[in-house]
Amino acid sequence: MVSSNSRRAVVVGAGIGGLTAAVALRRTGWHVEVVERAAALGEVGAAVSIAPNAVKALRAIGLGPAFTAAACALDGLESRTRGGRRITGVDAALLRDRYGAGLYNTHRAALHASLLDALGEDAVRTGCAATGAETIGDRAAVALDGPDGPVRLEADLVVAADGVRSRLRADHFPAHPGPAYAGYTVWRGLVPADAAARIGVPSLMSETWGRGSRFGHAPIGDGRAYWYAFETAPAGAEHEHRAAALVARFADWHHPVPSLIAATPDEALLRGDVYYMDEPLPSFTAGRIAFLGDAAHAVTPDIGQGACLAIEDAVVLAAALAAAPVPDALRAYDAARRPRTQELARQSGRIGRMLMNPNRIAAGLRDASAAVLPASVAMKTIADIYEWTPPPLAPVEAGV
Ligand SMILES: Cc1cc2nc3c(=O)[nH]c(=O)nc-3n(C[C@H](O)[C@H](O)[C@H](O)COP(=O)(O)OP(=O)(O)OC[C@H]3O[C@@H](n4cnc5c(N)ncnc54)[C@H](O)[C@@H]3O)c2cc1C
């Protein structure tokens with residue numbers, strides 16, 4: 001194990017990826033400072049589902065109990081037709097048996113809060129936008145635009161966790177075209193607890209497949225229910241931001257789809273066009289800068305893995321840095337993470353194109369073939385994602 005008493009890292013971005021990296025690095029003895037562009041800390045968005053692979057990663061950095069206490073343990077996954085006929089399903093008990101952890105859904109703010117609790121808010125500087133990062137010899141540096149003007153921080157390592165529109169990625173990979181539009185927009189809503197109880201929301205991640213649209217829902221563990229609606233649309237299209245306008249479009253979908261939308265206050269509704277990295281990055285490192293999460297491999301939300309993979313990245317990076325000097329560790333990190341994340345990004349894009357097909361015949365064939373697909377084939381994709389296990393992390397050092 002490499003002695004890390006004096007090693008110092010700056011993490012750019014206090015999203016799920018950046019904060020998980022900060023916690024993991026701290027647990028292996030690094031001094032870590034997180035810089036965040038936003039003036040206040042928090043996670044925008046409604047909920048996030050955390051799959052067995054990421055649950056195991058959170059456990060590896062000591063966050064298992066805090067995470068599972070705040071999240072909703074789901075009974076499984078299922079897909080349905082617009083009329084409500086079940087197409088496919090997987091039981092969470094089977095996932096726990098095979099992959100050593102279950103499937104959870106939680107409010108993003110709850111996961112963010114668990115990470116911040118573990119890290120300490122004083123480790124994060126808000127209102128600080130990174131404007132550049134460089135490697136000079138065996139040191140790295142980040143230039144920041146802070147509340148009191150420009151600041152430069154030096155470190156042994158910079159972790160670029162600055163999201164899908166990463167400034168640091170654009171600087172270090174100028175030939176990369178940047179994020180691409182996935183072809184659909186997504187609405188996300190939170191249904192208040194009393195309405196969710198009245199409607200009755202099963203403890204499943206349940207997704208209904210339409211033609212050029214999809215709808216998913218699940219509880220988040222505090223009585224409220226989360227839902228999302230994907231709709232094929234041109235990038236940047238104007239959409240009326242009212243639940244009432246949306247409910248009309250899903251009016252003939254099975255229960256509880258229209259009821260969940262109708263019970264959502266307009267202020268609990270979010271919408272955003274989906275962007276991802278279609279063109280894979282040639283490396284997840286540049287000098288002493290490690291890219292992780294959406295900055296490295298933003299995937300479409302079709303396999304629900306963007307945050308999960310960011311959590312995996314963070315733990316793998318910390319384990320590599322605990323085992324080897326920084327340059328070797330970054331090579332090992334790149335070799336471990338690029339093939340897996342880029343393959344899953346491809347799979348996610350493929351699945352998204354299939355599930356969002358607006359053609360009636362293609363959608364019918366999709367539903368029919370999914371229903372008769374042998375369980376072993378369906379489980380292969382799931383196994384590729386969920387059977388991942390984190391590398392061993394060095395023991396927690398006293399006082400870090
Ligand atoms: C509709 C939808 C549903 C999803 N559902 C799931 C799901 O169920 N499960 C799942 O695993 N994933 C899901 N994802 C993906 C997941 O949300 C992302 O992959 C994940 O949040 C990425 O985390 P990150 O930390 O890499 O980036 P981000 O969350 O984008 O964080 C980046 C941070 O960096 C900050 N920042 C940016 N630039 C700078 C700068 N120059 N200087 C300082 N700070 C900066 C930002 O303010 C932000 O706080 C979903 C995505 C979408 C769009």
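The exercises below go through the sheets, helices, ligand shell and turns of this structure, each with a worked solution.

The model is predicted: local features need pLDDT of at least 70, side-chain atom pairs count only at pLDDT 80 or more, and totals for chains, interfaces and linings use all residues. Residues are numbered from 1 along each chain as its sequence is written.

**Exercise 1. Give the strand order of the six-strand open sheet, and find its edge strands.**

Solution. Start with the terms. Helices (H or I, at least four residues) and strands (E, at least two) are DSSP runs, numbered from the N terminus. Two strands pair if DSSP finds at least two bridges between them.

Step 1. The order is 8-2-1-12-19-18, and the pairing is mixed.

Step 2. Strand 8 (124-125) and strand 18 (285-286) are the edge strands, as each pairs on one side only.

Step 3. Strand 2 (residues 31-35) runs parallel to strand 8, and two bridges join them. Val-35 lies opposite Arg-125 in strand 8.

Step 4. Helix 1 (residues 16-27) packs on this sheet and touches strand 1 (8-12), strand 2 and strand 12 (157-160). The direction of helix 1 makes about 170° with that of strand 2; such angles run from 0 to 180 degrees between N-to-C directions, with axes fitted to C-alpha atoms, for helices over the stretch in contact.

**Exercise 2. Describe the pairing of strand 12 with strand 1 and with strand 19, and state how its faces are covered.**

Solution. Step 1. Four bridges pair strand 12 with strand 1 in the parallel sense. Ala-9 is opposite Leu-157 in strand 12.

Step 2. Strand 19 (residues 289-291) is also parallel to strand 12, through three bridges. Here Val-159 has Ala-290 as its bridge partner.

Step 3. Leu-157 and Val-159 on one side, and Val-158 and Ala-160 on the other, are all buried. A residue counts as buried if 20 or more other C-beta atoms lie within 10 Å of its own, exposed if 12 or fewer, and partly exposed in between, with C-beta atoms placed from the backbone.

**Exercise 3. Work out the three-strand sheet and the helix that packs on it.**

Solution. Step 1. The strands of this open sheet have the order 3-7-4, with antiparallel pairing.

Step 2. Strand 3 and strand 4 (72-73) each have a single partner strand, so one side of each has no neighbour in the sheet.

Step 3. Strand 3 and strand 7 (residues 104-107) are antiparallel over four bridges. In strand 7, Asn-105 is the bridge partner of Ser-49.

Step 4. Helix 5 (residues 108-119) touches strand 3 and strand 7, and its direction makes about 85° with that of strand 7.

**Exercise 4. Which residues come nearest to the ligand, and which helix gives the most to the shell around it?**

Solution. Step 1. There are 33 residues around the ligand, and Gly-13, Gly-15, Gly-163, Gly-293 and Gly-306 come nearest. A residue is near if its C-beta atom, placed from the backbone, lies within 6 Å of the molecule.

Step 2. Elements that give two or more residues include helix 1, strand 3 (47-50) and helix 11 (306-323). Helix 11 gives the most, with four residues.

Step 3. By class, the shell has 17 nonpolar, 10 polar and six charged residues. Ala, Val, Leu, Ile, Met, Phe, Trp, Tyr, Cys and Pro count as nonpolar, Asp, Glu, Lys and Arg as charged, and the others, Gly among them, as polar.

**Exercise 5. Describe how helix 2 meets helix 11, and how far helix 2 is covered.**

Solution. Step 1. Helix 2 (residues 52-60) packs against helix 11 at an angle of about 35°, and their axes are 9 Å apart.

Step 2. Asn-53, Ala-54, Ala-57, Leu-58 and Ala-60 in helix 2 meet Cys-308, Ile-311, Glu-312 and Val-315 in helix 11; contact requires C-beta atoms, placed from the backbone, within 7 Å.

Step 3. Eight of the nine residues of helix 2 are buried. Strand 3, strand 7 and helix 11 are among the elements covering them.

**Exercise 6. Locate the hairpins and the cis peptide bond.**

Solution. Step 1. Strand 9 (129-136) and strand 10 (residues 139-146) pair antiparallel over seven bridges. They form a hairpin with two residues between them, and Gly-137 in the turn has a positive phi of about 60°.

Step 2. Another hairpin joins strand 10 to strand 11 through two residues.

Step 3. His-255 and Pro-256 are joined by a cis peptide bond, with omega about 10°. Most peptide bonds are trans.

Key: Two residues are in contact if their C-beta atoms, placed from the backbone, lie within 7 Å.
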